[in-house]
Amino acid sequence: MTGAGADISAMRSSYAQAPGHRFNVGDRVAVKSVFPPGHRRTPWYIRGKHGVIERICGAFPNPEELAYGFDGEPAKVLYRVRFTQKHVWPGYQGPGHDVIEMEIFEHWLEPDDRADGDAKP
Amino acid sequence: MSDKPVNKGPHDLGGEAAGLIDTTDHGMLFWEKQANALRSVLSRAGIVKVDELRRAAEGLEQYGKLAYFEVTTSALRVLLLEKGLVTEAELEAKMAEIRRRFDVPDEMESPIKQKAKR
Amino acid sequence: MTKSFDYYAKRPHDHDHDEHTPQSETEGPPSEFEIMSRAMQELLEAKGVVTADQVRRRIELFEEDFPYRGGRVVAHAWTDPAFKKRLLEDGRAACSEMGIELEAERLIAVENTPEVHNLIVCTLCSCYPRALLGMPPTWYKSRNYRSRVVFEPRAVLREFGTLLPDNVTVRVHDSNADMRYVVIPMRPKSTEGWSEERLAGILTRDTLVGVTVPEVPGKE
């Protein structure tokens, strides 16, 4: 990857480290392939996709609860995850090093257990 | 595998086919600025949460057919009713009162009204 | 209630004589949604939930203050590399240094380089760092932008007149949770020696979202 990829290992959290965070910067993760009803902040197009933790954002009240008037506690760890566009969109028109990044809550993530040959996004 | 996306809300637009973008910024009408300010005051006061407004917007049957501030206004209405901050009856009455305020005496028919009738 | 010929309808108990703003800048009568919005506000004022003054002050902030902050912050980052580094590490704290208090926003600044071009969207609604940039442009909130920029960013950039060679990585940020984003564009070489104020003048909203790059007037 280009300069965008070289940043990952040097990247630290922008805000206070969330205590008890499951994933670290550079970890390969998969977004859960689940489609529950209700207010979710994980876009439909990224479900089931694989990426890399770019940053730990901190812990925030869960928007899925706040949306219904609850306090969203306990706070959930929020990460930024980087995905390769060619992996996210079959038929992506652009170079292989184009990426898309977004914030995903910890409970939407699983470790990416695929073998190395398949795993490199 | 079903072709229909499961539980994909009308707001979850990333990746949907769509047309050319109107790259001009058309700004905001005064009422839209006021609506935005109202939302901002309410959310800063903790009376409605941004997440609640989003959830209410996503649940609008008309989401795809409404313009941006029509969505936000409808969403706020849903929440104010849900929280009992206003009642349907009060809202209907107030809206009727406001509609009357934009009326003019019949003998002085507003060009605005005339145009609207066409 | 007195009927008047004033087609710019005023609220019956309006004490603000400066409120000369037309009831609608369009040609028609107010829409159902405008009426609904006004009705909700008046009811909430009558119930003491909000005051007209609070709403007015927010309108002013959004109009006169917020839209000018982002350009100032990024212009400062352009002239002060140590500040830029701090902005990249903690956007909110860096803005605070300049006396700019972001409100709910947690800010992430992302930097354009010769290798990487950043582009911001909120596909799910229209999240935007409002306390830094003011209200988002209408295209940012549009269905077509929200849908397409994530899967065909280069085509979208072309629609804005921005052409990027293939060796530049396009890095799209979908602002879908608690973070808000601002792009630090590359500073054009021909702006050497410019004051921060002059630099802020070329840092338009479009450049800070990433759909265009800063233009130096009179230069190609």
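**Exercise 1. The contact between helix 1 of chain B and helix 2 of chain C**

Task: Determine which residues of helix 1 of chain B meet which residues of helix 2 of chain C in this predicted model, and state how the two axes are arranged.

Solution.

Step 1. Identify the residues. Helix 1 of chain B contributes B:Lys33, B:Gln34, B:Asn36, B:Ala37, B:Leu38, B:Ser40 and B:Val41. Their counterparts in helix 2 of chain C are C:Gln54, C:Val55, C:Arg58, C:Ile59 and C:Phe62.

Step 2. Classify them. This contact of helix 1 of chain B with helix 2 of chain C comprises six nonpolar, four polar and two charged residues.

Step 3. Consider the axes. Helix 1 of chain B spans residues 30–44 and helix 2 of chain C spans residues 52–65. Their axes come within 8 Å and cross at roughly 110°.

Step 4. Name the arrangement. Angles of 65 to 115 degrees count as roughly perpendicular; helix 1 of chain B and helix 2 of chain C are therefore roughly perpendicular to each other. The crossing of these two helices is right-handed.

**Exercise 2. The contact between helix 4 of chain B and helix 1 of chain C**

Task: Describe how helix 4 of chain B packs with helix 1 of chain C, and which residues make the contact.

Solution.

Step 1. Locate the helices. Helix 4 of chain B covers residues 88–101, and helix 1 of chain C covers residues 32–46.

Step 2. Give the geometry. The two helices pack at an angle of about 115°, and their axes are 9 Å apart. The crossing of helix 4 of chain B and helix 1 of chain C is right-handed.

Step 3. List the residues. From helix 4 of chain B come B:Glu90, B:Leu91, B:Lys94, B:Met95, B:Ile98 and B:Arg99. From helix 1 of chain C come C:Ile35, C:Met36, C:Arg38, C:Ala39, C:Glu42 and C:Leu43.

Step 4. Classify them. The contact of helix 4 of chain B with helix 1 of chain C has seven nonpolar, no polar and five charged residues.

**Exercise 3. The interfaces of chain B**

Task: State how many residues of chain C are in contact with chain B, and how many residues of chain A and chain B take part in their contact.

Solution.

Step 1. Take chains C and B. In this pair, 53 residues of chain C are in contact with 54 residues of chain B.

Step 2. Assign the chain C side to elements. Helix 1, helix 2, helix 7 (143–148) and helix 8 (153–159) of chain C each give two or more residues. Helix 1 of chain C gives the most, with 12 residues.

Step 3. Classify the chain C side. The side of chain C that touches chain B has 27 nonpolar, 13 polar and 13 charged residues.

Step 4. Turn to chains A and B. Here 12 residues come from chain A and 13 residues from chain B. The side of chain B that touches chain A has two nonpolar, three polar and eight charged residues.

**Exercise 4. The covering of helix 2 of chain B**

Task: Establish how many residues of helix 2 of chain B are buried, and what covers them.

Solution.

Step 1. Count. Helix 2 of chain B (residues 50–58) is mostly covered, with eight of its nine residues buried.

Step 2. Name the residues. The buried ones are B:Asp51, B:Glu52, B:Leu53, B:Arg54, B:Arg55, B:Ala56, B:Ala57 and B:Glu58.

Step 3. Identify the cover. Among the covering elements are helix 2 (63–66) of chain A and helix 1 and helix 3 (68–82) of chain B.

**Exercise 5. Chain A and the sheet**

Task: Describe the elements of chain A and the order of the strands in the sheet.

Solution.

Step 1. Survey chain A. Chain A has four helices and five strands, which follow the pattern α-β-β-α-β-α-β-β-α along the sequence. Of its 121 residues, 41% count as buried.

Step 2. Assemble the sheet. Seven strands form an open sheet of mixed pairing in the order 5(A)-1(A)-2(A)-3(A)-4(A)-3(C)-2(C). Strand 5 (109–111) of chain A and strand 2 (116–121) of chain C are the edge strands, each pairing on one side only. From one strand to the next, the twist averages 35°.

Step 3. Follow the pairs. Strand 1 (residues 28–31) and strand 2 of chain A pair in the antiparallel sense over three bridges, with A:Val29 partnered by A:Gly51. Strand 2 and strand 3 of chain A run antiparallel and are joined by seven bridges; A:Gly58 has A:Leu78 as its bridge partner. Strand 3 (residues 76–84) and strand 4 (residues 99–105) of chain A are also antiparallel, over seven bridges, and A:Phe83 stands opposite A:Ile100.

Step 4. Examine strand 2 of chain A. Of the 11 residues in strand 2 (residues 50–60) of chain A, 10 are buried, so this strand is largely enclosed by the rest of the structure.

Definitions and conventions
Residues numbered from 1 in each chain as written. Chains lettered and ligands numbered in written order. Predicted model: local features only at pLDDT ≥ 70, side-chain atom pairs only at ≥ 80, totals over all residues. Pairing = 2+ DSSP bridges. Axes fitted to C-alpha atoms, helices over the stretch in contact; angles between N-to-C directions. Buried ≥ 20, exposed ≤ 12 C-beta atoms within 10 Å, placed from the backbone. Contact = placed C-beta atoms within 7 Å. Nonpolar A, V, L, I, M, F, W, Y, C, P; charged D, E, K, R; others polar. Parallel < 35°, antiparallel > 145°, perpendicular 65-115°, else oblique. Left-handed = near helix turned anticlockwise from the far one by under 90°.
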